[in-house]
Amino acid sequence: MLADDLEHAAICEWNGIIYAAGWSGGAVWFEHSDDGGKTSAPIGGANRVQVCTADEQQPAIAALVTGEIVAAVDRSGQVATYVSRDQGETWEQV
């Protein structure tokens, strides 16, 4: 099941694809599903991609109409925003 072993997972949906970001083992991870969340779809040869290292927390995630996916995390009391322009395969801080 999508993000079933991530802690503090957040999800959103856009055009029938469910996106999830959650924390595990010192990092925020990203997954997505195109079958209603039953399974994680492959992303660049894996089913999960690291967004960034982070303290334990629940990230925010949003799929934008531009096709970009945005994740936000708390970095010492400030919001750090990461964007993916390739359906979650790579992430960069903005």
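1. In what order do the four strands of the open sheet stand, and with what pairing? The order is 5-6-7-8, and the pairing is antiparallel; here two strands are said to pair if DSSP finds at least two bridges between them, and strands themselves are DSSP runs of E with at least two residues, while helices are runs of H or I with at least four residues, numbered from the N terminus.

2. Before going further, please keep in mind that this is a predicted model, in which local features need pLDDT of at least 70 and side-chain atom pairs count only at pLDDT 80 or more, whereas totals for chains, interfaces and linings use all residues. Residues are numbered from 1 along each chain as its sequence is written, and side-chain values use heavy atoms, with hydrogens and water left out.

3. At the edges of this open sheet stand strand 5 (60–63) and strand 8 (92–93), each of which pairs on one side only. Strand 5 runs antiparallel to strand 6 (residues 69–75), and four bridges join the two; within this pairing, Ala 60 stands opposite Ala 72 in strand 6.

4. Turning to charged side chains, a salt bridge is taken to be a side-chain nitrogen of Lys or Arg within 4 Å of a carboxyl oxygen of Asp or Glu, and by this rule the count comes to four. One of them joins Arg 48 to Asp 5, with the closest N and O atoms 2.5 Å apart. Arg 48 lies in the loop between strand 3 (27–33) and strand 4 (49–53), and Asp 5 lies in the segment before strand 1 (7–14), so this pair ties together parts that are 43 residues apart in sequence.

5. Arg 48 also forms a salt bridge with Glu 31, where the closest N and O atoms are 2.5 Å apart. Because Glu 31 lies in strand 3 and Arg 48 in the loop between strand 3 and strand 4, the pair ties together parts that are 17 residues apart in sequence.

6. How buried or exposed are these partners (buried means under 20% relative accessible area, exposed over 50%, and partly exposed in between, with a 1.4 Å probe and protein chains only)? Glu 31 is buried at 4%, whereas Arg 48 is partly exposed at 25% and Asp 5 is partly exposed at 47%.

7. A further salt bridge is formed by Arg 85 and Glu 92, whose closest N and O atoms are 2.8 Å apart; Arg 85 is exposed, with a relative accessible area of 52%, and Glu 92 is partly exposed at 44%. As for shared partners, salt bridges join Asp 5, Glu 31 and Arg 48 into one network.
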